[in-house]
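Grab a coffee and work through these short exercises with the viewer open. Try each task on your own before reading the solution below it.

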Amino acid sequence: PARGALASDTRVMHATPVTVVNAAGSGALGVAVHAGLRATLGGKRATQVVTWVSSDPAVASVSPNGVVTGVSTGTASITANHPAASAASTPVAITVT
């Protein structure tokens, strides 16, 4: 293709938002207790790198693999970002007691 033109096979993907599933089934943790989260995209387990973010790492930290650890009492929201998603996940509330 000419400079600045798109190749004929260029496709635009309209991905769905990433969804977080709490494997423990509850949003409550104790201090120093771990729970696993997993991300899905379009109903299937996300296969690319997911970036996990805690709104308050002093309350609940989250590892690169989606393992949440209760740090101190309070509530934090965990969000997942996926490169193919159209939006970040809806935050999952984690209450540490």
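**Exercise 1. Work out how many helices and strands the protein chain has, and write its pattern along the sequence.**

Solution. Start with the count: this is a predicted model, and its protein chain has zero helices and nine strands. Now read along the sequence, and you get β-β-β-β-β-β-β-β-β.

**Exercise 2. Find what share of the residues is buried and what the exposed surface is made of.**

Solution. First, the protein chain has 97 residues, and 31% of them are buried. Next, turn to the outside: about 6,000 Å² is exposed, with 57% of that supplied by carbon and sulfur atoms. For a feel of how the chain folds back on itself, take the contacts with a separation of 6 or more: 53% of them link residues 24 or more positions apart.

**Exercise 3. Trace the pairings of strand 3.**

Solution. Step one: strand 3 covers residues 34-41 and runs antiparallel to strand 7, residues 67-70, with three bridges joining the two. To spot this pairing on screen, look for Ala-35, whose bridge partner in strand 7 is Val-68.

Step two: strand 3 also pairs with strand 4, residues 44-45, again in the antiparallel sense, over two bridges. Here Thr-40 stands opposite Arg-45.

Step three: check the turn. Strand 3 and strand 4 make a hairpin with two residues between them. Gly-42 sits in that turn and has a positive phi of about 65 degrees.

**Exercise 4. Sort the residues of strand 5 by face, then find the strand that joins it through four bridges.**

Solution. Begin with a rule of thumb: in a regular strand, side chains alternate between the two faces of the sheet. Now apply the idea to strand 5, residues 51-54: Trp-52 and Ser-54 are on the covered face, while Thr-51 and Val-53 are on the uncovered one. Then look for the partner. Four bridges join strand 5 to strand 8, residues 74-81, and the two run antiparallel. Ser-54 has Ile-78 as its bridge partner there.

**Exercise 5. Decide whether Ser-54 and Ser-89 are buried or exposed, and find what their side chains reach.**

Solution. Take Ser-54 in strand 5 first. Its relative accessible area is 13%, so Ser-54 counts as buried, the cut-off being under 20%. The side chain of Ser-54 reaches the backbone oxygen of Ala-60 at 2.5 Å. A polar atom of that side chain also lies 3.2 Å from the backbone nitrogen of Asp-56. Leaving aside neighbours within four places in sequence, Ser-54 is in contact with Ala-60, Val-62, Ala-76, Ser-77 and Ile-78.

Now for Ser-89, which lies in the loop between strand 8 and strand 9. Ser-89 has 5% relative accessibility, so this serine is buried too. Its side chain reaches the backbone nitrogen of Ala-80 at 2.8 Å.

**Exercise 6. Find the largest nonpolar core and say which elements give two or more residues to it.**

Solution. The largest nonpolar core has 18 residues, and Trp-52, Val-68, Ile-78 and Ile-94 have the most contacts inside it. Strand 3, strand 6, strand 8 and strand 9 are the elements that give two or more residues to this core. As background, nonpolar side chains tend to be buried together in soluble globular proteins. To finish, zoom in on Val-68: beyond four places in sequence, its contacts include Leu-29, Leu-37, Val-62, Ile-78 and Ile-94.

How values were computed. Residues numbered from 1 in each chain as written. Predicted model: local features only at pLDDT ≥ 70, side-chain atom pairs only at ≥ 80, totals over all residues. Heavy atoms only, no water. Buried < 20%, exposed > 50% of the residue type's maximum accessible area, 1.4 Å probe, protein only. Contact = heavy atoms within 4.5 Å. Areas by Shrake-Rupley, 256 points an atom, 1.4 Å probe, with all protein chains shown as cover. Pairing = 2+ DSSP bridges. Polar contact = N/O pair within 3.5 Å; in protein donor to acceptor, adjacent residues only side chain to side chain. Core = buried A, V, L, I, M, F, W, Y, C linked by side-chain atoms within 4.5 Å.
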